[in-house]
Amino acid sequence: MRARDKAAVSALRSTLAALDNAEAAPVDEAELRGVALEQSPVGAGATEAVRCELSERDAVEVVRAEAAERLEAAAQFSAPAHADRAARLRAEAAVLLRFLDGPGND
């Protein structure tokens with residue numbers, strides 16, 4: 001992979017993971033406590049859950065939050081020793097913001 005693409009790859013991988021997490025099925029507090037062994041589901045597909053489907057607006061908000069998180073973290077790196085890390089975070093945020101500013105987006 002070319003060196004100039006590392007920021008894009010890093011930003012896109014973590015943002016895809018954030019989108020995947022946002023689509024996860026909500027877990028009820030009762031489910032966290034568990035059930036008695038004899039009441040637990042058994043069989044193929046017993047532990048499968050339907051994932052949530054994000055709207056385009058929800059997906060945009062996740063991407064926007066990821067970019068904002070990187071910009072906020074970059075602002076925290078004020079020491080010269082961390083200038084490279086701050087620059088990388090800003091580059092990742094720029095990649096994500098370019099997707100939001102592309103054609104067809106608000």
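The expected span of a helix is taken as 1.5 Å times one less than its number of residues. Helix α4, residues 83-100, fits this rule in the predicted model. Its 18 residues reach 26 Å from the first C-alpha to the last, close to the 26 Å expected.

The chain as a whole is helical in its assigned elements. Four helices and zero strands are found, and the order along the sequence is α-α-α-α. Of the 106 residues, 19% count as buried. The accessible surface comes to about 8,100 Å², and carbon and sulfur atoms account for 54% of that area. Contacts were also sorted by sequence separation. Among those between residues at least 6 apart, 75% join residues at least 24 apart.

Helix α4 contributes a set of buried residues. These are Ala-86, Leu-89, Glu-92, Ala-93, Val-95, Leu-96 and Leu-100. They pack against α1 and α3. Three residues of α4 also enter the largest nonpolar core. That core has six residues: Ala-11, Val-63, Ala-67, Ala-93, Leu-96 and Leu-100. Helices α3 and α4 each supply at least two of them, and the largest share comes from α4. Ala-11 belongs to the core as well. With its neighbours within four places in sequence left aside, Ala-11 is in contact with Arg-70, Glu-92 and Leu-96. Of these partners, Leu-96 is itself a core residue, while Glu-92 is listed among the buried residues of α4.

Charged pairs were examined next. A search of the whole structure gives five salt bridges. One of them joins Glu-66 to Arg-70, with the closest N and O atoms 3.1 Å apart. Both residues lie in helix α3, four residues apart, about one turn of the helix. An α-helix has 3.6 residues a turn, so residues three or four places apart point the same way. Both partners are buried. The cut-off for that class is under 20% relative accessible area. Glu-66 stands at 13%, and Arg-70 stands at 7%. The pair does not stand alone: salt bridges that share partners join Glu-66, Arg-70, Arg-88 and Glu-92 into one network. Two members of this network, Arg-70 and Glu-92, are the residues noted above as contacts of Ala-11.

A second pair within α3 is formed by Arg-64 and Glu-61, whose closest N and O atoms are 3.8 Å apart. Three residues separate them in sequence, about one helical turn. Here the partners are partly exposed. Arg-64 has a relative accessible area of 38%, and Glu-61 has 44%.

The salt bridge between Arg-51 and Asp-20 has its closest N and O atoms 3.0 Å apart. This pair links distant parts of the chain, 31 residues apart. Arg-51 sits in the loop between α2 (29-33) and α3 (56-76), whereas Asp-20 belongs to helix α1 (residues 6-22). Arg-51 is partly exposed at 42% relative accessible area. Asp-20 is likewise partly exposed, at 41%.

Note on methods. Residues are numbered from 1 along each chain as its sequence is written. This is a predicted model: local features need pLDDT of at least 70, side-chain atom pairs count only at pLDDT 80 or more; totals for chains, interfaces and linings use all residues. Side-chain values use heavy atoms; hydrogens and water are left out. Helices (H or I, at least four residues) and strands (E, at least two) are DSSP runs, numbered from the N terminus. Buried means under 20% relative accessible area, exposed over 50%, partly exposed in between (1.4 Å probe, protein chains only). Contact means heavy atoms within 4.5 Å. Accessible areas come from the Shrake-Rupley method with a 1.4 Å probe; for residues, only the protein chains shown count as cover. A salt bridge is a side-chain nitrogen of Lys or Arg within 4 Å of a carboxyl oxygen of Asp or Glu. A nonpolar core is a set of buried Ala, Val, Leu, Ile, Met, Phe, Trp, Tyr and Cys residues joined through side-chain atoms within 4.5 Å.
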